[in-house]
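Me: Please take a close look at one part of this model. I would like a connected account, starting from a single helix and working outward.

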Amino acid sequence: MKVLAAMSGGVDSAVAAARAVEAGHEVVGVHLALSRNAGTLRTGSRGCCTIEDSMDAQRAANLLGIPFYVWDFSEKFKAEVVDDFIAEYSAGRTPNPCMRCNERIKFAALLEKALALGFDAVATGHYAEVREGESGSLELHRSPALAKDQSYVLGVLTAEELKHVMFPIGASADKASVRAEADARGLSVANKPDSYDICFIPEGDTQDWLADKVGVAPGAIVDRDGSVLGQHQGAHGYTVGQRKGLNIGRPAIDGKPRYVLEIRPKENTVVVGPQEALAIAELAGSRYTWCGLGPVDESSWFDCHVQVRAHGDALEAAAAVIDGELVIRLNEPVYGVAPGQTAVLYLGSRVLGQTTIDRTVSAVDNPVLAGKNVGANA
Amino acid sequence: MGTYLDHAATTPLRPSVVALMTQSLLTQGNASSVHSFGQRARQVVEQAREDIAASLTADRNEVIFTSGGTEADNLAIQGLYSSRNRGDEFKRPIVISAATEHHAVLEPIEWLVANRGAQVHLLQTDINGHISLTELEQFLAQNAAEVALISLMWVNNETGVIQDIPAISRLAERFDVPVHSDAVAALGHMPVDFAASGLAAMSITGHKIGGPVGQGALLVSRKTKLDPIFHGGGHERGMRPGTLDPAGSSALALAVKSAVADLPAEVGAWLELNRRVVEGVASAVPEAILVAGELEVVSERVPNIVDFIFPGCSGDSLLFLLDACGVAVSNGSACTAGVTSASHVLLAMGYSQRDASSCVRVSLGHTSTESDIDAFLQYLPEAYERAKAAGFTS
């Protein structure tokens, strides 16, 4: 097969490319330039956006003896990922930019370009497995390296995309073995630190960066009945479920800690309350996709597990598509889930599908959050 | 082996240059030493200087060896700016240039603006990349007293368009403003006469004419004052200190001599190949646009560079697909990270962002043959169709 190896400059994608070469594929390495103003050297734990990362990727490709190119996706990345990130935060939601990047850049724009240019597949260094299921269709499964498992952020892949992706290191037992393999292959990126921060935000400065982009104005921190409890320095700085850093002088009447329940960007207020008010019984979203074969009858309730964070637990749930929305009912309440996050459904280790969460339903009987929460446990 | 059509980036070393350089590398001694070893090394360097001067109609004292075109451009621009403003607290802050220039000219100017109080005046260019002498004259008439220098390239490295440098020099001389020209793409591809050009300074480099990378020169006219940009042992009239390099200098000199001597014959050969590319592309991809195509080849455009816009496809896709077929062309200038961006030259000439992202440059050299062109033309139609299907990503 003709395989395009997306090479970030990190160890995982370098070993993935090496394995694709070894499997006998005709491999071409491509580094995606995602930032218009790429820095010269890598700083901290950001990945893939500096010239150093690009050079690391090129170095690995040269050692593997494969052609290497840099493709400029910066404009698309800005429009589809960075602007989306800012817009979601401005709307009081909590987006996952890596997911957007997979959905719209790596396995959309890049894959489309690769197929148009004559490639059969795009290989990346993600930790997840594509397997053939019993019916003969392709399925996405968790990586055996559970600590590194990235199936959650790949939940956006569709059946058609699964046919054209390869995760050559997806079945690796752990990261250490991948590093050891890189070292044995003489790849100089073997000891390069992992990246885990958001690549387009300067090191550790998410709040400052956001403040710069979305504008910042002090506003009120209120409780559920609207009483003002304190001031915040910009609503974007808070996430639903957050407990620390609220700086409310007065303790709650019951003495229990208070949590961020909701961010209301239009009113520039942050709503806080007791932890139980964060308990969510139901999630729903209309922007859902199936990762390969979907349920036989998506309108009937089926049992599954749901994961709402990249490294969160898989929780027991039932799901069904009702009136164009994928509705997910949790067996036990989940805390601190916010619209904008992605819910990924699993059947055992298999990724079934995903949706961006549009709305949540509180698990407590008397919902207090105006507008958003419609009814308790139905 | 593949097909190499990117000679304007770097052209292969001439075998004669390899032989001479290999031999010269064994020259023993420091050319600045007083003893006979030093004198023999010095002889190699000074012979090289004289040969270059003779080939370009210059005085041997006017040849300042550098590490290449970028250093020569920096030395000229920073050195002229500094000498023209010596003790004057930047009384002549204006540097005149054009947006179609190479980054080796634009970036030193930007540096002067950011760090040395310079002001840049970029001349407009027409769709062919020509500046307007009238506009330049009007600007000089009003501002000459505040102008430090003019820097305009003789031949554009992406489009091959020739700027009328002698006319610009004559005009500037009336206002007593020195002119520097980056002649890197001109040398070996059109007649270059330093004395007749009237230039104060002119940059050349070896690797575009069959010489080694890392060997270049700045020609500085005897009457021009130019400050060094780095400091040391006073070599090269104090303008460019650093241990003299007998092997590199002699290799550069032989490349210059050969390129100039071969020029009449090469022009004929390139003209033939040029026609073959242009006609072949016109029939294979009729919608392709030949940049500055209305200009006369040889007199207004060097014959070894042909720049096309392939509408509707990204130039880097086309480059990738042709490379996969073993055909090496260029999109113009790629930055350090290897990202091909829209050509700043085409943008400056007035082409749209899309067109400037859709260009492919075919450039010829002393080893080019008809079969190179035929290989390019053979793979082009399918590559174009595929590249169009892949669309734009940036």
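The reply below starts with one helix of chain B and then follows its surroundings.

Me: Is helix H9 of chain B buried or exposed, and what do its buried residues pack against?

Reply: A caution first: this is a predicted model. Helix H9 of chain B covers residues 315–324. It is largely enclosed by the rest of the structure, because 8 of its 10 residues are buried. A residue counts as buried here if 20 or more other C-beta atoms lie within 10 Å of its own. The buried residues begin with B:Gly315, B:Asp316 and B:Ser317. B:Leu318, B:Leu319, B:Phe320, B:Leu321 and B:Leu322 complete the set. Just after H9(B), B:Gly326 takes a positive phi of about 85°.

Now the packing partners. Within chain B, the buried residues of H9(B) pack against strand E11 (327–328), strand E12 (359–363) and helix H12 (370–390). They also pack against E3 of chain A.

That last partner leads to the contact between the chains. Chain A puts 19 residues into this contact, and chain B puts in 16. On the chain A side, the elements giving two or more residues are helix H2 (51–64), strand E3 (68–72), helix H3 (74–90) and helix H4 (97–116). E3(A) supplies the largest share, 4 residues. So E3(A), a partner of the buried residues of H9(B), is also the main contributor on its side, while H9(B) itself is largely enclosed. By type, the chain A side divides into 11 nonpolar, 4 polar and 4 charged residues.

Next, the domains of chain B. Domain 1 takes in 3–9 + 262–390, and domain 2 takes in 15–257. Their C-alpha centres lie 28 Å apart. The contact between them draws 22 residues from domain 1 of chain B and 22 residues from domain 2 of chain B. On the domain 1 side, strand E10 (305–309) and helix H10 (344–349) are the elements that give two or more residues. H10(B) gives the most, with 4 residues. That side divides into 10 nonpolar, 7 polar and 5 charged residues.

One residue elsewhere in chain B repays a look. B:Val278 sits in helix H8 (residues 246–284) of chain B. It counts as partly exposed because it has 18 C-beta neighbours inside 10 Å. Leaving aside residues up to four places away in sequence, B:Val278 touches B:Leu290 and B:Val306. B:Val278 and B:Val306 are 28 residues apart in sequence, yet their C-alpha atoms are 7.8 Å apart in space.

Chain B also offers a helix pair for comparison. Helix H3 (residues 69–84) and helix H4 (residues 103–115) of chain B pack at an angle of about 35°, with their axes 9 Å apart. The crossing of H3(B) and H4(B) is right-handed. From H3(B), the contact uses B:Gly69, B:Thr70, B:Asp73, B:Asn74, B:Ile77, B:Gln78 and B:Tyr81. These meet B:Ala104, B:Val105, B:Pro108, B:Ile109 and B:Leu112 in H4(B). The contact residues divide into 7 nonpolar, 4 polar and 1 charged.

Last, a hairpin in chain A. Strand E5 (residues 128–132) and strand E6 (residues 138–142) of chain A pair in the antiparallel sense over 5 bridges. A:Arg131 has A:Glu139 as its bridge partner in E6(A). The hairpin has 5 residues between E5(A) and E6(A). In its turn, A:Gly136 has a positive phi of about 90°.

Terms used: Residues are numbered from 1 along each chain as its sequence is written. Chains are lettered from A and ligands numbered from 1 in the order in which they are written. This is a predicted model: local features need pLDDT of at least 70, side-chain atom pairs count only at pLDDT 80 or more; totals for chains, interfaces and linings use all residues. Two strands pair if DSSP finds at least two bridges between them. Domain bounds come from an automatic or database domain assignment. Two residues are in contact if their C-beta atoms, placed from the backbone, lie within 7 Å. Ala, Val, Leu, Ile, Met, Phe, Trp, Tyr, Cys and Pro count as nonpolar, Asp, Glu, Lys and Arg as charged, and the others, Gly among them, as polar. Axes are lines fitted to C-alpha atoms, for helices over the stretch in contact, and angles run from 0 to 180 degrees between N-to-C directions. A crossing is left-handed if the near helix is turned anticlockwise from the far one by less than a right angle, and right-handed if clockwise. A residue is buried if 20 or more other C-beta atoms lie within 10 Å of its own, exposed if 12 or fewer, and partly exposed in between; C-beta atoms are placed from the backbone.
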